[in-house]
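Reader: Hello! Could you take me on a close look at the place where the ligand sits, and then show me what is built around it?

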Amino acid sequence: MGPAKTDVVVIGEGITGLCSAYWLKKRGLNVILLSKEKTAGGTMKSVQDKGFLYETGPNTALETSRFFKELVSELKLEKEFCYARPEGKNRYILRSGVLHSMPLGPGSLLTTKLFSSSAKLRIFKEPFIGKAEKEESIAEFVERRLGREFLDYAIDPFVAGVFAGNPEQLSVRSAFPKLYALEEKYGGLIKGMVKGARERKKREEKSKDRAETFSFVNGMQVLPLAVADSLGGSVIPNAKVTGIRNLSTVREEPADEPDARRYLVEYLHNDQETEIEADCVIFAIPAYDASQLIRPLSADTAHVLASIYYPPIVSVFLGVDRKNIGHKLDGFGFLIPTREKRKILGCLWTSCLFPNRAPEGIAALNAFIGGARQPELTTLSDERIIQITLDELRSTMQLSGNPVYLHLTRWQKSIPQYEIGYGRKIEALEQFEEKFPGIVLAGNYRRGISVGDCVINAHETVEKIYENIISIR
Ligand SMILES: Cc1cc2nc3c(=O)[nH]c(=O)nc-3n(C[C@H](O)[C@H](O)[C@H](O)COP(=O)(O)OP(=O)(O)OC[C@H]3O[C@@H](n4cnc5c(N)ncnc54)[C@H](O)[C@@H]3O)c2cc1C
C-alpha cells in the first residue's frame with residue numbers, strides 16, 4: 001500500500017495553518033494539517049491557573065478584516081468573543097519617568113505634554129516633504145517626514161510593542177507597507193490617510209489604528225482551538241514534519257510530467273515514520289523551521305529563510321493587588337521609548353482590557369523584556385528578570401509590595417524582523433515558489449506579523465491554492 005493522498009497538506013498548527021486548512025476545507029478540498037504539538041494555537045497559547053488567565057503569546061488581536069466576525073459566527077464563539085473595554089484605547093508612553101497618554105486625535109495632540117511645541121509644529125511640514133531615494137528604515141522614514149521627537153516618542157515605542165523590534169533596522173517598505181504606500185501612492189502621510197480611508201472602505205478593511213482590539217473570555221487560544229475542533233480528523237496532532245520531496249525527483253521523472261506538481265511529505269506521528277502525498281503543501285511554520293525542511297529542495301532558499309532574525313523576548317506575567325498600584329489602571333498599558341534607557345519594553349494591563357484575567361481585587365499585568373533592543377537581558381536568570389521588572393514597574397506605575405502571582409515565558413525566537421533588504425529575501429522566496437508550484441511559504445514572516453495579518457494571508461493563500469489545484473485538474 002502506497003502513502004495516503006490528499007489535495008493539500010498544511011504544516012503547522014498556528015493561526016495561519018489552521019485558518020488555511022479551514023478555508024480549504026470549506027472550498028471542498030481534501031486537506032490534512034500536520035501539527036507538531038498536541039494542542040492547536042502555535043504562538044497563541046492561553047493558560048488558566050489559580051484564577052489568573054495569561055497569554056504566552058499574543059494578548060490581543062485587531063479586527064482588521066471581516067474574517068474574524070465570520071469565523072466567530074461560523075464557529076459559534078459569540079459568547080466568548082470580547083472587544084477590549086473602551087479605556088483600552090488609552091495607551092501610555094513613558095517620557096522623563098512620567099506616563100503620558102498617547103494623543104488619539106488632533107485635539108489631544110495639541111494639548112499633550114508627550115511632544116514639545118516644536119515637534120507638534122514640525123508635523124505641518126509633512127505634506128511638503130518629497131519621497132525617499134533609497135530603501136529606508138522606519139526610523140529614517142519617520143525622522144525625515146515627521147521629525148526626531150515623533151520617532152523617539154511615538155514610533156520607537158510602537159515598534160518595540162508590535163515587533164519587539166529596533167526601528168533603525170526594520171525596513172519601512174517591508175515592515176510597514178501601508179505607511180510606506182502613503183508616501184509612494186499619495187506623496188505623504190497626511191494626504192494618504194485621507195484618501196486611503198476611502199479605498200479601505202471599498203475593500204472592507206480597517207486601518208490598524210481604527211480597527212477594534214479583541215480577545216476571548218477564555219483567552220486568545222479559544223479561536224485556534226475552535227478552528228481545530230471544526231476540522232476534526234483533518235488535523236493530525238503530534239505529527240512533526242521531517243522532510244518533503246518533489247515526486248518527480250523521487251521517481252526520476254522529467255519535471256514537466258504531472259508528478260512534478262505532487263509532493264511527498266514525511267512526518268513522525270507519535271514517533272512513527274509516516275508519509276502523505278499532496279498536490280500542494282503550505283508551510284505555515286516559522287522561517288527557521290521551514291529552512292530545515294526546504295534545504296533538500298533548495299539550499300539557497302533554506303539560507304534565505306535561516307537568515308530571518310527572530311529576537312528573543314521574555315514575557316513576565318504578574319498578578320498584583322490593585323491597592324499596591326499607584327497609577328490609575330485606565331488603559332491598554334504603556335510602552336517605553338529607547339531614549340528613556342529602561343530595562344523593560346513596556347507593560348500591558350490585561351485585566352483592564354478583558355474580563356476573567358485575574359481574581360477580584362487583583363490586577364493582571366504583562367511586561368516584556370529584551371527584543372531586538374536589548375536581547376542580552378533575556379539571558380539573565382528568572383530571579384534577575386523578575387527583579388528588573390519589579391524595579392521598573394515600581395518607578396513607572398508606582399507599584400509597591402510584591403506580586404501575588406508570577407509567570408515567565410521565554411521566547412528564544414519571538415517575532416520575525418522585516419529588516420532593510422527584506423524585499424530581496426521575499427523575492428527569493430517567490431522564485432522558489434515558482435520553481436516548485438504547489439508549495440506555499442506562508443506564516444508570519446510574510447505580509448505581516450500580527451494575528452490579523454496572518455488571518456488575511458491565510459485567506460489569500462487559500463484562494464491562490466484553489467486556483468492552482470483547479471488549473472491542474
Ligand atoms: C510573545 C509574542 C507576543 C505577540 N503578541 C501579539 C499580539 O499581541 N497581537 C498580535 O496580533 N500578534 C502578536 N504576536 C504575533 C503573532 O502571535 C504571531 O505572528 C502569530 O500567532 C503567528 O502565527 P503562525 O500561524 O504564522 O505561526 P506559529 O504560531 O508560530 O505556528 C506555527 C507552528 O508550526 C509548528 N511547526 C514548526 N515546525 C513544524 C514541523 N516540522 N512539523 C509540524 N509543525 C511544525 C510549531 O509547533 C508552531 O507552533 C506575538 C508573538 C509573540 C511571540
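Author: Happy to! Let's start with the domains, whose bounds come from an automatic or database domain assignment. For this protein, the assignment gives domain 1 (4-42 + 221-309 + 418-472), domain 2 (45-103 + 212-220 + 311-414) and domain 3 (115-203). Residues are numbered from 1 along each chain as its sequence is written. The model is predicted, and local features need pLDDT of at least 70, side-chain atom pairs count only at pLDDT 80 or more, while totals for chains, interfaces and linings use all residues.

Now to the ligand. Because domain 1 and domain 2 both give residues to the shell around the ligand, it lies between them. A residue is near the ligand if its C-beta atom, placed from the backbone, lies within 6 Å of it. There are 37 residues around the ligand, and Gly12, Gly14, Lys36, Gly42 and Pro58 come nearest.

By class, the shell has 16 nonpolar, 16 polar and 5 charged residues. Here Ala, Val, Leu, Ile, Met, Phe, Trp, Tyr, Cys and Pro count as nonpolar, Asp, Glu, Lys and Arg as charged, and the others, Gly among them, as polar.

At least two shell residues each come from α1 (15-26), β11 (239-246), β14 (313-321) and α17 (451-472). These names follow DSSP runs numbered from the N terminus: helices are H or I with at least four residues, strands are E with at least two. The protein has 17 helices and 19 strands.

From the shell we can follow α1 to its partner. α1 packs against helix α10 (residues 222-231) at an angle of about 35°, with the axes 10 Å apart. Such axes are lines fitted to C-alpha atoms, for helices over the stretch in contact, and angles run from 0 to 180 degrees between N-to-C directions. α1 and α10 form a left-handed crossing, a term for a near helix turned anticlockwise from the far one by less than a right angle, with clockwise being right-handed. On α1 the contact is made by Ile15, Leu18, Cys19, Ala21, Tyr22 and Lys25, and on α10 by Pro224, Val227, Ala228, Ser230 and Leu231. Two residues are in contact if their C-beta atoms, placed from the backbone, lie within 7 Å. This α1 and α10 contact has 9 nonpolar, 1 polar and 1 charged residues.

Another helix pair is α13 (residues 299-306) with α16 (residues 422-435), packed at an angle of about 145° with axes 10 Å apart. α13 also passes α16 in a left-handed crossing. Asp300, Thr301 and Val304 of α13 meet Lys425, Ala428, Leu429 and Phe432 of α16, a contact of 4 nonpolar, 1 polar and 2 charged residues.

What about domain 3? The centres of domain 1 and domain 3, taken over C-alpha atoms, are separated by 33 Å. Still, 6 residues of domain 1 are in contact with 9 residues of domain 3, and the domain 1 side divides into 4 nonpolar, 1 polar and 1 charged.

Finally, stepping back, the C-alpha trace spans about 70 × 55 × 40 Å along its principal axes.
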